[in-house]
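Hi,

Here is the structure I promised to pass on to you. Have a look around first, and then read my notes below.

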Amino acid sequence: MSSRNGRRRVNQHTVVAIVEDKPGVLMRVASLFRRRGFNIESLTVGPTEAQGLSRMTIVVDGESAPVEQVEKQLYKLIDVVKVSDLSNEEMVARELALIKVRCNNLNRHEILDIAQVFRADVVDIATNSLILQVVGDEDKINGLIKMCEPYGIRELARTGRVAMVRGPKTTTVHEEVPESIARIHASQGRRVEGVELPFSSD
Amino acid sequence: MARLSGAEILLECLQREGVEVIFGYPGGVVLPLYDALPRYNIRHILVRHEQGAAHMADGYARASGRMGVCLATSGPGATNLVTGIATAFMDSTPVLAITGNVARTLLGRDGFQEADITGITMPITKHNYLVMRASDLALTVREAVHICTTGRPGPVLIDIPKDVFQEEAEFEWPEEVRLRGYKPTYEGHAGMIRRAAQLINEAKRPIIIAGHGVIWGDASRELIELAEKAQIPVITTFLGIGAFPEDHPLSYGWLGMHGMYYANMAADNADVVIGVGMRFDDRAMGRFKDFNPTAKIIHIDIDPAEIGKNFATAVPIVGHVKNVLPRLTELVKEATHEEWIAWIDRVREEHPSLEIRETRRLIPQYVVRTLYEETNGDATIVTGVGQHQMWAGQHYFYKRPRQLISSGGLGTMGFELPGAIGAQIARPDAEVWAICGDGGFQMTMQELAVVVDEQLPIKIAIFNNGYLGMVRQWQQLFYNRNFMAVAMTQPDFLKIAEAYGIPGIRVETKAEVRDAIRTARQHRGPFLIDFMIDQEENVWPMVPAGAALKETIEAPPEELVR
Ligand SMILES: Cc1ncc(C[n+]2csc(CCOP(=O)(O)OP(=O)(O)O)c2C)c(N)n1
Ligand SMILES: [Mg+2]
C-alpha cells in the first residue's frame, strides 16, 4: 500500500474524512475506493475530539483519480460528515514506524548512532535484534529504513500518515445532534453486549 | 408511549410514512413481521420470486413518484432482491428493501440462511442499516425513508434480525431526522445560475438534454417554460423520455446509442449543452473524448458527484431542478434561434429515423406505432431490455413524465412484467402495457400469478423474435453473424398465459395487429398478445459501441427489407 521507494509522489493527496463512528463505515469507504478504482496509499482511522466521530486520513494516488471526484464520492456516503483535501494546505503530516533490526555486539552501536541521527527511539532490545520507533514524514522514515537495510530488517510496521493543517484552521465538525438521536446513533448497528440474548433459530 | 414489538414498531412507522403496499415473500425470520401485518392497514402483495418484489416496488415508485417497499426473508430471500436493488440504484429510484436476518446470537456464525446482506448491498444502495435493537428501529426507519426519498433518490435497505422483530421496546415516533453527513443541496448557487444564463444568452446553438432527474424533480413544467422562453430545442436521455412532451414543437427526441439521428447531431453540433437532471452516461454520449469538443457544458444536477465526472463542465449548478430552472428562466432572454432550429429540422427531414417503412412482414416498429395510435399516446409502457425496449422508446411518443418505465442504467432483463405489476398497483386506473422481450419475459414470468391474484388489467405484449434479439444484432454487426447462444425455442406463451387463467391471442401478420390491440383493450382483465415479429429486424439508428455520437449510423439499405 505505501509507496515503496520513498519519493513522495507529486500527485499524492492527503484527504481527511470525518465519519460517524459506526460499524461498517470503514468498509463503506474502502469499498468505494475499490469500486471507483481510486488507489489508497495509506489509510488510518482513529477517534476525534468529538464523541461519535472518527477521523480517517487517506493518502490517495492522484494519478488514479481526480481528487475532486474522491471528495465528492466520499461525501455521498451518508456516514461521511466532512471531507477536506489537505494537499494544498500547510500541513503537518506524520507517520510512525517500528523497525526490528538484526544486530550483534559488534554493530549495535553503529545502529544506535544511526537511530540518534533520525531521533528514533529504541523501544526494545535483545541480544540479536532491537526495535526502533521513529516518527516523521515518509522521507524521514524511508531514510531510516534505508540505513537499517544493510543490517537486516526482520520486521517493519508503519502506521500510514496522519495529518493536520497548521495554524488555527481545523478540519473538525462542530454540529451537535440532540441527545435522543445521538444515543441511538451511538448504538445503531452495534452488537448488543452484556445481556443474554435468546437463542432462536428458524 | 407504548411498548411494542420490533415488528409492530416497523409496521407502525411504515404506516406513518404513508406506505400502503409491500411487495414481499415470507420465510422463517420474518414470521414475526407477517404475524403482525394483518393488524395494520398495509396491503401485502405475495410475489413469486423476491426479484419480482424489488422490481414491483421499483415499478410502483416510477409510476407514482412515491417510495416502493419490498420485503424478503434472510439468506436466499435477501440475495434474490439484489438484482432489483441494483436496478433501482442505477436509475436512482426510491425503493425501501426490508430483509430479515438470523437472530442476533447467530449473526456472524453462519447461522442457517444467514447472508451478510448489508455487506452485499453496500455498493448498490444509497445507504443501508443493520438494526440490532428494537429501540433503534423507529429512528432507523425514519432515516431510511428520508434518505431514500430526498436528494437524489435511491434504494435503502434495512436488515433486521429475527429476535429484534420479537424484542419489545418503548415506541416513540421520532419527530426529527438529523444526519450530519446528509444534507442535499436544493437551492443552486445564484452566481452559477447567472453565469449559466449569460452563456445561454450568448449561445447560437443551445440544446437542452433532459434526464430522469427532471421527472423525479417534478420539473417538467419548469423545463417547458425555459425552453419556450429562449426557444431552446430539447432532447432527452432514454430515462428522460416523457420529461418533455414529445409532441412539443421544440422536442427533438432522445439521444444515445439508439437515439434519433437528429438528436445525436443536435447534441454534437450545439455550442452550449445544458444537461438537466442527467449524468452524461456513456450510452447517451458515445465516446466521451469525441463528444462535441467545443461545446460549453452547463450541468444542473442534485448530485455534486455527477458534475465533472465524465466531462469538464463550464458551469456546474448543484441544486434541485425545480428550484434552479425557474431562476434560470427568469434570467434568460427571449430568443428565437431560428437558424439553429432550421438546421436541426433539416437534419430531421433528411434523416427522419422514426419512419415506419411499408412492409409485408410484421415488423416490431409497426406494432409499437399502432399501439401508440390505438391508445392515443396515453398508455403507461413498461419494457424489458433489448431491441423491444429501444423500439418502445422510439416509436411510441410520450407526452408525460412516468409514461415510459424501463431499466436504463443496469439494463435488467426481466424487469418488464414485475415492473408493470408495480406500476399498475400504483396507478390502478392507468392503462399499463408490458412490452416484453421473449427472452426477458421468461426471466420473471412466474409473476403472472400476481397479475391474476390481484386481478390487474395489465396488457402483456410479447415481442417474439425467437432470439435474444439485441445480442443477435451485435453478433450480426460486430461478430460476423456468428449467432451463438441467442436463438431460443420458445414455449407457447399463450398456453403459459392460459395456465394462469389469462386469455391471449397470437398475431402473425400485420393485418391482425390493430384488431388484436383493440381486443386486448376491450377485455377488462389482463390479456396477452404474442406478436410473432420479424426475427432479424435490427434497431436503428445506432452508435456502435465505443464510437462517437457523430458516427451514428442509420439502417443500411440492404436491411430495409419489406
Ligand atoms: C439479466 C440480463 N442478462 C443478460 C443481459 C444481456 N442482454 C441484453 S439485451 C439481451 C437480449 C434480450 O432478449 P429479449 O428479451 O428477447 O429482447 P429482444 O432484444 O429480443 O427484444 C441480453 C441477453 C441483460 N441485459 N440482462
Ligand atoms: Mg427476443
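Let me start with one cysteine: B:C13 is buried, with a relative accessible area of 0%. Please keep in mind as you read that this is a predicted model.

**Cysteines**

Why is B:C13 not bonded to another cysteine? Its sulfur is 15 Å from the closest cysteine sulfur, which belongs to B:C148, and that is too far for a bond. As a reminder, a disulfide is a covalent bond that joins the sulfur atoms of two cysteines. Over all chains, the count of disulfides comes to zero. A:C148, for instance, is in no disulfide, and the nearest cysteine sulfur, that of A:C103, is 10 Å away. A:C148 also counts as buried, because its relative accessibility is 1% and the cut-off for buried is under 20%.

**Where the two chains meet**

Next, try showing chain A and chain B together. How many residues of chain B are in contact with chain A? There are 41, and they touch 41 residues of chain A. The size of an interface is often given as the accessible area that is lost when the parts come together. Between chain B and chain A, about 3600 Å² is buried, and carbon and sulfur atoms give 53% of that area. On the chain B side, B:M122, B:R178 and B:R180 lose the most area to chain A, together making up 23% of what that side buries.

B:R178 is worth a second look, since it also forms a salt bridge with A:E175, where the closest N and O atoms are 3.6 Å apart. Across this interface there are four salt bridges, and 17 residue pairs of chain B and chain A are in polar contact.

**Inside chain B**

Chain B is divided into domain 1 (3–170), domain 2 (190–350) and domain 3 (364–539). The contact between domain 1 and domain 2 of chain B takes 11 residues from domain 1 and seven residues from domain 2. The centres of these two domains, taken over C-alpha atoms, are 37 Å apart. Together they bury about 700 Å², with 62% of it on carbon and sulfur atoms.

Which charged pairs link domain 1 and domain 2 of chain B? Two salt bridges cross their interface. If you would like a pair to find on screen, B:R152 forms a salt bridge with B:D303, and their closest N and O atoms are 2.8 Å apart. Three residue pairs are in polar contact between these domains. By class, the side of domain 1 that touches domain 2 has four nonpolar, four polar and three charged residues.

Enjoy exploring!

Best wishes

Methods. Residues are numbered from 1 along each chain as its sequence is written. Chains are lettered from A and ligands numbered from 1 in the order in which they are written. This is a predicted model: local features need pLDDT of at least 70, side-chain atom pairs count only at pLDDT 80 or more; totals for chains, interfaces and linings use all residues. Side-chain values use heavy atoms; hydrogens and water are left out. Domain bounds come from an automatic or database domain assignment. Contact means heavy atoms within 4.5 Å. Buried area is the accessible area (1.4 Å probe) that two parts lose on being put together, summed over both. A salt bridge is a side-chain nitrogen of Lys or Arg within 4 Å of a carboxyl oxygen of Asp or Glu. A polar contact is a pair of N or O atoms within 3.5 Å; within protein, one must be able to donate a hydrogen and the other to accept it, and residues adjacent in sequence count only if both atoms are side-chain atoms. Ala, Val, Leu, Ile, Met, Phe, Trp, Tyr, Cys and Pro count as nonpolar, Asp, Glu, Lys and Arg as charged, and the others, Gly among them, as polar. A disulfide is a pair of cysteine sulfur atoms within 2.5 Å. Buried means under 20% relative accessible area, exposed over 50%, partly exposed in between (1.4 Å probe, protein chains only).
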